[in-house]
Amino acid sequence: MNNYVSAQKFAKATNGNIEAFQSFAEIIFSATERLIALNIGAARTACACASESASPVVDGDLRGQFASRMNAQGKSLEQAAEYFRGINELFLETQGDIAAFGTRQLNELTSGFGEFMEQVAQSAPAGSSDFVDALKTAMTNASAAYENFVKTSRDVAETNLAAASNALQPMLTAPASSVKGRKAA
């Protein structure tokens, strides 16, 4: 009977690991698919901008042609910033998904460890309950530390994204305003 129970536990653990791998692979493939879509969109946009601003300079209104090219450059910068914003958002979402996956796995591990420690406590010699309690406490503390680490790293990543976005704003507004100022002159 004991071998049957062990075989069931082994099969359950194997199925759990397969499901965990599939879940992790789903996260990675989804992020990869979104990254490829972002890259293809950026390549299309870059080609469109290049063809738009590739016209030769002709005699006549040079100021107007120059302003048109500057506007195209400003649009290119805005589109590049949007691309990088999309990359950062994808990074943050994927990081959050992987962190949630890790948290689920840690919770399952903690639960399984708790069940194992209960079985050990039942079959252990008298007086070992303090040791079992200490192990359970250590596992609980490790789980709390991991969750705190995940939260802190998510906060840092979001703060960095906000700082990068704020740093890009002056660059995006400068070309458009300088071209408008030159047109007015």
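This is a short conversation about how terms are applied to a predicted model.

Trainee: What is the secondary structure of the protein?

Mentor: The model is predicted. It has three helices and zero strands. Along the sequence the pattern reads α-α-α.

Trainee: How do you know where confidence is highest and where it is lowest?

Mentor: Look at the mean pLDDT of each helix. Helix α1 has the highest, at 86, and helix α3 (residues 129–184) the lowest, at 73. Over residues 179–185 the pLDDT is below 50. That stretch still has eight contacts in the model beyond near neighbours in sequence. For the protein, the mean is 80, and 86% of residues reach 70 or more.

Trainee: Why is T103 called buried?

Mentor: Its relative accessible area is 19%. Buried means under 20%. The value 19% falls under that limit, so T103 is buried. T103 sits in helix α2 (residues 62–123).

Trainee: What is T103 in contact with, leaving aside neighbours within four places in sequence?

Mentor: T103 is in contact with Y146 and E147. Here contact means heavy atoms within 4.5 Å.

Trainee: Why does I28 count as partly exposed?

Mentor: I28 has 31% relative accessibility. Buried ends under 20%, and exposed starts over 50%. The value lies in between, so I28 is partly exposed. The residue belongs to helix α1.

Trainee: What makes the nonpolar surface patch?

Mentor: F24, I28, F29 and I98 make it, with about 340 Å². Nonpolar side chains are joined within 5 Å for such a patch. Helix α1 (residues 2–52) gives the most, with three residues.

Trainee: How many aromatic pairs does a search of the whole structure find?

Mentor: Two. One of them is F24 with F101.

Trainee: Why is the pair of F24 and F101 called tilted?

Mentor: A pair of aromatic rings is described by the distance of the centres and the angle of the planes. For F24 and F101, the centres are 5.4 Å apart and the planes meet at 40 degrees. The centres must lie within 6.5 Å, and they do. Stacked needs under 30 degrees and edge-to-face over 60, so 40 degrees counts as tilted.

Trainee: What does the pair of F24 and F101 tie together?

Mentor: F24 lies in helix α1 and F101 in helix α2, so the pair ties together parts 77 residues apart in sequence. F24 is partly exposed, at 30% relative accessibility. F101 is buried, at 13%.

Trainee: What makes the pair of Y83 and F84 edge-to-face?

Mentor: The angle. The planes are 65 degrees apart, with 5.3 Å centre to centre. Edge-to-face means over 60 degrees, so the name fits. Y83 is partly exposed, at 22% relative accessibility. F84 is partly exposed too, at 47%.

Trainee: Which distance separates the C-alpha atoms of N39 and Y83?

Mentor: They are separated by 8.2 Å, with their positions 44 residues apart along the chain. N39 is in helix α1. Its relative accessible area of 32% makes N39 partly exposed.

Trainee: How do you know that E93 and R34 form a salt bridge?

Mentor: Side chains of opposite charge can pair when their charged atoms come close. The closest N and O atoms of E93 and R34 are 2.6 Å apart. The limit is 4 Å, so the pair qualifies. E93 lies in helix α2 and R34 in helix α1, so the bridge ties together parts 59 residues apart in sequence. E93 is partly exposed, at 40%, and R34 is partly exposed, at 36%.

Trainee: How many salt bridges does the count come to?

Mentor: Three. Another joins R85 and E82, at 2.9 Å from N to O. That is within 4 Å, so it counts. R85 and E82 are three residues apart in helix α2, which separates them by about one helical turn.

Trainee: What makes D155 and K151 a salt bridge?

Mentor: Their closest N and O atoms are 3.1 Å apart. Again the limit is 4 Å, so the pair passes. Both lie in helix α3, four residues apart, about one turn of the helix. D155 is partly exposed, with a relative accessible area of 35%.

Conventions: Residues are numbered from 1 along each chain as its sequence is written. Side-chain values use heavy atoms; hydrogens and water are left out. Patches are made of residues with over 30% relative accessible area and no salt bridge: like charges are joined within 9 Å, nonpolar side chains (Val, Leu, Ile, Met, Phe, Trp, Tyr) within 5 Å. Accessible areas come from the Shrake-Rupley method with a 1.4 Å probe; for residues, only the protein chains shown count as cover. A salt bridge is a side-chain nitrogen of Lys or Arg within 4 Å of a carboxyl oxygen of Asp or Glu. Helices (H or I, at least four residues) and strands (E, at least two) are DSSP runs, numbered from the N terminus. Buried means under 20% relative accessible area, exposed over 50%, partly exposed in between (1.4 Å probe, protein chains only). pLDDT is the predictor's confidence in each residue, from 0 to 100. Rings of Phe, Tyr and Trp (its six-membered ring) pair if their centres lie within 6.5 Å; planes under 30 degrees apart count as stacked, over 60 as edge-to-face and the rest as tilted.
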